[in-house]
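This report describes the architecture, strand pairing and surface features of a single chain. The sequence and the model are shown first.

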Amino acid sequence: MWAGSNSGRTLNKFSEVNPATGKPWFTAIPAVSSELALCPRIQECIGHLECIVDKEIEMESDGTSIFIARVVAGSANRDVFNDGYQGAQVPTLHHAGGSNFFTLTRC
């Protein structure tokens, strides 16, 4: 919840420290060039999609926005996606709305 609730415009998410662990929330790995941009990737993620925002739609009701974007680059952890998805070996975290999350330990 912390990453999605804090803007990267106002703080560096790779240098902010998790008070529970005393370590940074995320580990940055080198940015990779794509067709149009450079973006940092998070080492703890099993895959990455780099997108370019084509349109932002601001919602009048609550001040949030919906982004329409296209994927211009992608990468994946070879240990997890070697010879097909090996999800049973890596529990993944999924957002289920609000502050609800669940993990998948078997596929």
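How many helices and strands does the secondary structure of the chain come to? The chain has one helix and eight strands, where helices (H or I, at least four residues) and strands (E, at least two) are DSSP runs, numbered from the N terminus. The order of the elements from the N terminus on is α-β-β-β-β-β-β-β-β.

This is a predicted model, in which local features need pLDDT of at least 70 and side-chain atom pairs count only at pLDDT 80 or more, while totals for chains, interfaces and linings use all residues. Residues are numbered from 1 along each chain as its sequence is written, and side-chain values use heavy atoms, with hydrogens and water left out.

**Overall exposure and contacts**

Of the 107 residues in the chain, 9% are buried; buried means under 20% relative accessible area, exposed over 50%, and partly exposed in between (1.4 Å probe, protein chains only). The chain exposes about 8400 Å², and carbon and sulfur atoms supply 53% of that area. Accessible areas come from the Shrake-Rupley method with a 1.4 Å probe, and for residues only the protein chains shown count as cover. Among contacts with a separation of 6 or more, 20% are between residues 24 or more positions apart, a contact being heavy atoms within 4.5 Å.

**The S5–S6 hairpin**

Strands S5 and S6 run antiparallel and are joined by eleven bridges; two strands pair if DSSP finds at least two bridges between them. Together S5 and S6 form a hairpin with six residues between them, and Gly63 in the turn has a positive phi of about 80 degrees. Within this pairing, Ile52 stands opposite Arg70 in S6, and Leu49 stands opposite Gly74 in S6.

Arg70 also takes part in the one salt bridge that the structure holds. Its partner is Asp54, with the closest N and O atoms 3.1 Å apart. Arg70 lies in strand S6 and Asp54 in strand S5 (residues 47–58), so the pair ties together parts that are 16 residues apart in sequence. The criterion for a salt bridge is a side-chain nitrogen of Lys or Arg within 4 Å of a carboxyl oxygen of Asp or Glu. In general, side chains of opposite charge can pair when their charged atoms come close.

A nonpolar surface patch is formed by Ile57, Met59, Ile66 and Ile68, with about 300 Å² of accessible area together. Patches are made of residues with over 30% relative accessible area and no salt bridge, with like charges joined within 9 Å and nonpolar side chains (Val, Leu, Ile, Met, Phe, Trp, Tyr) within 5 Å. Of these patch members, Ile66 is placed in strand S6 (residues 65–76), whereas Met59 is found in the loop between S5 and S6. Leaving aside neighbours within four places in sequence, Met59 is in contact with Thr64, Ser65 and Ile66.

**The S7–S8 hairpin**

Strand S7 (residues 92–95) pairs with strand S8 (residues 101–104) in the antiparallel sense over four bridges. This hairpin has five residues between its strands, and Gly97 in the turn has a positive phi of about 100 degrees. Phe102 in S8 is the bridge partner of His94.

Leu104 lies in strand S8. Not counting residues up to four places away in sequence, Leu104 touches Val90, Pro91, Thr92 and His94. Leu104 and Gln89, 15 residues apart in sequence, have their C-alpha atoms 10.0 Å apart in space.

**Partly exposed residues and cysteines**

The table gives the relative accessible area of several residues classed as partly exposed.

| Residue | Relative accessible area |
|---|---|
| Ile66 | 41% |
| Met59 | 33% |
| Arg70 | 39% |
| Asp54 | 46% |
| Leu104 | 33% |
| Cys45 | 33% |
| Cys51 | 41% |

How many disulfides does a search of the whole structure find? The search finds zero, a disulfide being counted as a pair of cysteine sulfur atoms within 2.5 Å. Cys45 is partly exposed, and Cys51 is likewise classed as partly exposed.
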